[in-house]
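Trainee: Got a minute to go through the helix packing and the ring pairs with me?
Mentor: Yes, put the model up.

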Amino acid sequence: MAGQVQQEPAYVLHRRPFRETSLLVDLLTLNHGKVGVVARGANSTRSALKAQLQPFQPLLVDWTGRADLKTLTHTDTRPGVQLGHGTALYSGFYLNEVLQKLLSPFDPVQELFAAYIEALDQLASADGDVEPVLRRFEMALAENLGYGFAWDEATDLGQAVQAGQRYCYDPQQGILATPAEHTRVRGLPGEALLALASGDLHSPEARRVAKQVMRSLTDFLLQGKPLNSRALFGGRSGST
């Protein structure tokens with residue numbers, strides 16, 4: 001935890017008021033992972049920081065401090081994408097919330113940082129079809145957190161998944177040929193798992209399986225913490 005950091009690429013994951021005129025901000029950074037900072041005076045009407053510290057805005061930030069909570073000292077904005085309104089925007093809030101709630105502070109996440117930027121770019125041009133973007137990002141997040149798995153391998157048997165067979169999923173074991181007592185995700189068709197192993201998220205069946213599996217893993221990792229961003233989808237078909 002360096003005492004002073006300059007020109008660190010970052011995005012705002014979450015911000016909230018702090019004392020009278022300041023903000024507490026959770027940042028996703030390239031080299032330091034999730035970092036909490038105090039932006040002093042940023043919640044005052046005269047502060048330019050309040051407009052800069054927005055979700056999905058690429059930043060270069062400076063901070064100082066040796067405690068877990070840093071003090072933001074300077075911010076530069078960079079060109080970024082616009083998520084507009086509706087499904088793309090709600091999906092972006094979902095990405096931010098899972099990162100804020102699941103990442104440990106100060107763990108470097110360079111590959112995940114790149115996956116986040118790619119996801120924002122794809123959401124900005126998704127034309128409402130956000131599911132493939134969300135699933136790929138969730139897979140990248142699972143890999144970063146140590147919960148990655150092979151879609152085409154049944155770990156309990158050490159055998160390749162076969163078309164025409166049904167499988168299960170356990171967050172701690174991956175794909176299974178035989179369910180354990182508490183296995184919740186069952187009846188996964190081998191054809192869909194093989195499609196997902198090849199990166200194919202086009203078919204409705206592959207999308208259904210990917211969503212079911214990744215939601216099970218996300219809920220397992222959250223350990224009962226609610227995701228407020230899911231409520232934003234309301235009466236829509238929902239992608240999270």
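Trainee: Are α2 and α3 roughly parallel or roughly antiparallel to each other?
Mentor: Roughly antiparallel, a term for angles over 145 degrees. In this predicted model, α2 (residues 87-102) and α3 (residues 110-124) pack at about 165 degrees, with axes 10 Å apart. The axes are lines fitted to C-alpha atoms over the stretch in contact, and angles run from 0 to 180 degrees between N-to-C directions. Helices are DSSP runs of H or I, at least four residues, and strands are runs of E, at least two, numbered from the N terminus.

Trainee: Which residues make the contact?
Mentor: From α2, A88, S91, G92, L95, N96 and L99; from α3, L112, Y116, A119 and L123. Contact means heavy atoms within 4.5 Å.

Trainee: How do they divide by class?
Mentor: 7 nonpolar, 3 polar and no charged. Ala, Val, Leu, Ile, Met, Phe, Trp, Tyr, Cys and Pro count as nonpolar, Asp, Glu, Lys and Arg as charged, and the others, Gly among them, as polar.

Trainee: What about α5 and α6, at what angle do they pack?
Mentor: Helix α5 (residues 190-197) and helix α6 (residues 204-222) pack at about 85 degrees, axes 9 Å apart. That makes α5 roughly perpendicular to α6, the term for 65 to 115 degrees. A192, L193, A195 and L196 of α5 meet E205, A206, V209 and A210 of α6. This contact has 7 nonpolar, no polar and 1 charged residues.

Trainee: Switching to rings. How many aromatic pairs are there?
Mentor: The whole structure has 7. Rings of Phe, Tyr and Trp (its six-membered ring) pair if their centres lie within 6.5 Å; planes under 30 degrees apart are stacked, over 60 edge-to-face, the rest tilted. Y11 and F113 are one pair, tilted, with centres 5.8 Å apart and planes at 55 degrees.

Trainee: Where do those two sit in the chain?
Mentor: Y11 is in strand β1 (residues 4-18) and F113 in helix α3, 102 residues apart. Both Y11 and F113 are buried, meaning under 20% relative accessible area with a 1.4 Å probe, protein chains only.

Trainee: Which residues are in the cluster that ring pairs link?
Mentor: Y11, F113, Y116 and F137.

Trainee: Any caveats on the numbers?
Mentor: Local features need pLDDT of at least 70 and side-chain atom pairs count only at pLDDT 80 or more, while totals for chains, interfaces and linings use all residues. Residues are numbered from 1 along each chain as its sequence is written, and side-chain values use heavy atoms, with hydrogens and water left out.

How values were computed:
Angles under 35 degrees count as roughly parallel, over 145 as roughly antiparallel, 65 to 115 as roughly perpendicular and the rest as oblique. Buried means under 20% relative accessible area, exposed over 50%, partly exposed in between (1.4 Å probe, protein chains only).
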